[in-house]
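This report describes a single protein chain, moving from its overall architecture to its sheet and then to the packing of its helices. Please keep the sequence and the model in view while reading.

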Amino acid sequence: MDTFELAQKYFADHNYRIIEIDTANQVITFRFQMNTIHFWCTPNDDNFFCLALPRFTDVNEYNIEQVKENCHQVNKDAKLVKLYILDEVIIASAEIFYLAEEDFNFQMNNALKQLIAAKTMYKKLDN
């Protein structure tokens with residue numbers, strides 16, 4: 001089973017609400033703990049996938065310095081996940097390499113938890 005098929009099976013097994021499946025680009029958008037998360041992989045990158053949690057806070061000219069400081073703090077402390085500023089939003093992203101099909105579920109569970117943890121860390125710093 002390739003990575004995209006493993007992901008579809010994982011989401012079905014866990015009953016996550018799928019918002020969109022783009023088979024051509026191998027992207028799945030789904031809901032997890034009241035967040036919209038994007039999963040994607042490419043056929044050429046065996047055993048590799050990415051998860052992204054976009055737009056959990058806005059960036060503007062008034063808060064950019066604080067946003068940068070908060071992102072650096074989270075990136076320093078977070079494991080597995082990094083925050084990026086893209087245009088006017090922050091994106092939390094996890095890039096995962098898994099060893100075998102059996103490892104996929106563990107890596108997916110871990111990455112999802114870490115995405116939410118990074119968002120929570122950021123929100124605490126933002127207050």
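How many helices and strands does the protein chain have?

## Overall architecture

The model discussed here is predicted, and in it the protein chain has 3 helices and 6 strands. Followed along the sequence, these elements come in the pattern α-β-β-β-β-α-β-β-α.

The C-alpha atoms of the protein chain fill a box of roughly 45 × 25 × 25 Å, taken along the principal axes. A compact globule of 127 residues would have a radius of gyration near 14 Å, and the value of 15 Å for the protein chain agrees with this.

## The sheet and its order

The 6 strands form an open sheet whose order is β1-β2-β3-β4-β6-β5, with antiparallel pairing. The edges are taken by β1 (18-22) and β5 (81-86), each of which has a single partner strand, so one side of each is left without a neighbour in the sheet. From one strand to the next, the twist averages 25 degrees.

In general terms, the strands of a sheet pair through backbone hydrogen bonds, in either a parallel or an antiparallel arrangement. The pairings in this sheet are described next, beginning at the edge formed by β1.

## Strand pairs from β1 to β4

Strands β1 and β2 run antiparallel and are joined by 4 bridges, with I18 having F30 in β2 as its bridge partner. The hairpin that these two strands make has 4 residues between the strands, and within this hairpin Q26 takes a positive phi near 55 degrees.

Strand β2 (residues 27-32) in turn pairs with strand β3 (residues 35-40) in the antiparallel sense over 6 bridges. F30, already named as the partner of I18, has I37 as its bridge partner in β3, while F32 is matched with N35 in β3. The hairpin of β2 and β3 has 2 residues between the strands, and here Q33 takes a positive phi near 45 degrees. On from β3, 3 bridges make the antiparallel connection to β4, where L51 stands opposite F39.

## Strand pairs from β4 to β5

Strands β4 and β6 run antiparallel and are joined by 8 bridges; in this pair, F48 stands opposite F97 in β6. Strand β6 also runs antiparallel to β5, to which 6 bridges join it, and A94 in β6 is the bridge partner of V81.

The hairpin of β5 and β6 has 2 residues between the strands, and D87 takes a positive phi near 55 degrees in this hairpin.

## Helices against the sheet

Which strands do the helices meet? Helix α2 lies across β4 (48-58), β5 and β6 (89-97), and its direction runs at about 160 degrees to that of β5. Helix α3 packs on the sheet as well, touching β2, β3, β4, β5 and β6, and its direction makes about 20 degrees with that of β4.

## Helix α3 and its two helical contacts

Two packed helices are described by the angle between their axes and by the distance between those axes. For helix α2 (residues 64-77) and helix α3 (residues 101-126), the axes come within 10 Å and cross at roughly 140 degrees. Angles over 145 degrees count as roughly antiparallel and those of 65 to 115 degrees as roughly perpendicular, so this crossing makes α2 oblique to α3. The crossing of α2 and α3 is right-handed. From α2 the contact draws on Q66, V67, N70, C71, Q73, V74 and D77, and from α3 on A118, M121, Y122, L125 and D126. Sorted by class, the contact of α2 with α3 has 7 nonpolar, 3 polar and 2 charged residues.

Helix α3 also meets helix α1 (residues 3-13), and the axes of α1 and α3 come within 11 Å and cross at roughly 65 degrees. The crossing of α1 and α3 is likewise right-handed. In this contact T3, L6, A7, Y10 and F11 of α1 meet E101, F104, N105, M108, N109 and L112 of α3. By class, the contact of α1 with α3 has 7 nonpolar, 3 polar and 1 charged residues.

How values were computed. Residues numbered from 1 in each chain as written. Predicted model: local features only at pLDDT ≥ 70, side-chain atom pairs only at ≥ 80, totals over all residues. Heavy atoms only, no water. Axes fitted to C-alpha atoms, helices over the stretch in contact; angles between N-to-C directions. Parallel < 35°, antiparallel > 145°, perpendicular 65-115°, else oblique. Left-handed = near helix turned anticlockwise from the far one by under 90°. Contact = heavy atoms within 4.5 Å. Nonpolar A, V, L, I, M, F, W, Y, C, P; charged D, E, K, R; others polar. Pairing = 2+ DSSP bridges. Rg over C-alpha atoms; globule rule 2.2 N^0.38 Å.
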